[in-house]
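Q: Please take a close look at one part of this structure for me, the charged side chains and how they pair up. I'm new to this, so keep it simple.

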Amino acid sequence: MTTYYYAVASRNFLLEEEPLQEVIEERTRNYHEREKEIDFWLIDRPAFLEAPELAEAKANCPQPAAAMVSTDPVFITWFKLRVEHVLTGEFEAPSESIPEPLASLATA
C-alpha cells in the first residue's frame, strides 16, 4: 500500500477561482530543476472521498470536489499554504474501500 496525502476543495474553487495552472507550473518547474520525479496529481471529482473512512472529509468539502494528491506530505503542506482554503488529510491505497486513486488518470 501507498500513503497518499491530499488537499481537497470545491471543484469550482480549485479549477476556476484559483490560479491553479500557475501553481502547478511553478511546482513542475521546481521539480524539473531539482531532477525530482513528479509525485503530485490533480484529480477532478476524486472517488477516494466515497470511502467510509473519508466520510467526514467529504462532508466538510463542498461538492463536487477536486483534489491535489501526492505521495509527498511536504508537497501537500506547501500546496495548502499556497492555495489556503483546502482540507488536507491522508489515506492508504489500494485498500478494500479505496482502489488505486490514480488509475483513472491512466486513461485520461
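A: Here is a quick look at the whole chain, followed by a closer one at the charged side chains.

Keep in mind that this is a predicted model, where local features need pLDDT of at least 70 and side-chain atom pairs count only at pLDDT 80 or more, while totals for chains, interfaces and linings use all residues. Residues are numbered from 1 along each chain as its sequence is written, and side-chain values use heavy atoms, leaving out hydrogens and water.

Let's start with the overall layout. The chain has 5 helices and 4 strands; both are DSSP runs numbered from the N terminus, with helices being H or I over at least four residues and strands E over at least two. Going from the N terminus, the order is β-α-α-β-α-β-α-β-α. The radius of gyration, taken over C-alpha atoms, is 13 Å, close to the 13 Å that the globule rule (2.2 Å times the number of residues to the power 0.38) gives for 108 residues, so the chain is as compact as a globular protein of that length. Of those 108 residues, 39% count as buried, meaning under 20% relative accessible area, with exposed over 50% and partly exposed in between (1.4 Å probe, protein chains only).

Now for the charges. Lys and Arg count as positive, Asp and Glu as negative, and His and the chain ends are left out. That gives 9 positive and 20 negative charges. Side chains of opposite charge can pair when their charged atoms come close. Such a pair is called a salt bridge here if a side-chain nitrogen of Lys or Arg is within 4 Å of a carboxyl oxygen of Asp or Glu. The whole structure holds 7 of them.

Zoom in on Arg 82, in helix 4 (residues 73-83). One of its partners is Glu 22, with N and O 3.1 Å apart. Glu 22 sits in helix 2, so this pair ties together parts that are 60 residues apart in sequence. Arg 82 also forms a salt bridge with Glu 26, where the closest N and O atoms are 3.2 Å apart. Glu 26 belongs to helix 2 as well, so here the parts tied together are 56 residues apart in sequence. How open is this little group? Glu 22 is partly exposed, with a relative accessible area of 46%. Arg 82 counts as partly exposed too, at 27%, and Glu 26 also has 27%.

Glu 18 tells another story. You'll find it in the loop between helix 1 (11-17) and helix 2 (20-33). Glu 18 is buried yet has no salt bridge: its nearest side chain of opposite charge is Arg 82, and that is 5.4 Å away. What does Glu 18 touch, not counting residues up to four places away in sequence? Phe 13 and Val 83, where a contact means heavy atoms within 4.5 Å.

One more charged spot is worth a look. Asp 44 and Arg 45 meet in a salt bridge, 3.7 Å from N to O. Salt bridges with shared partners join Arg 11, Asp 44 and Arg 45 into one network. Asp 44 itself is partly exposed, with a relative accessible area of 36%.

Conventions:
Charge placed at Lys NZ, Arg CZ, Asp CG, Glu CD.
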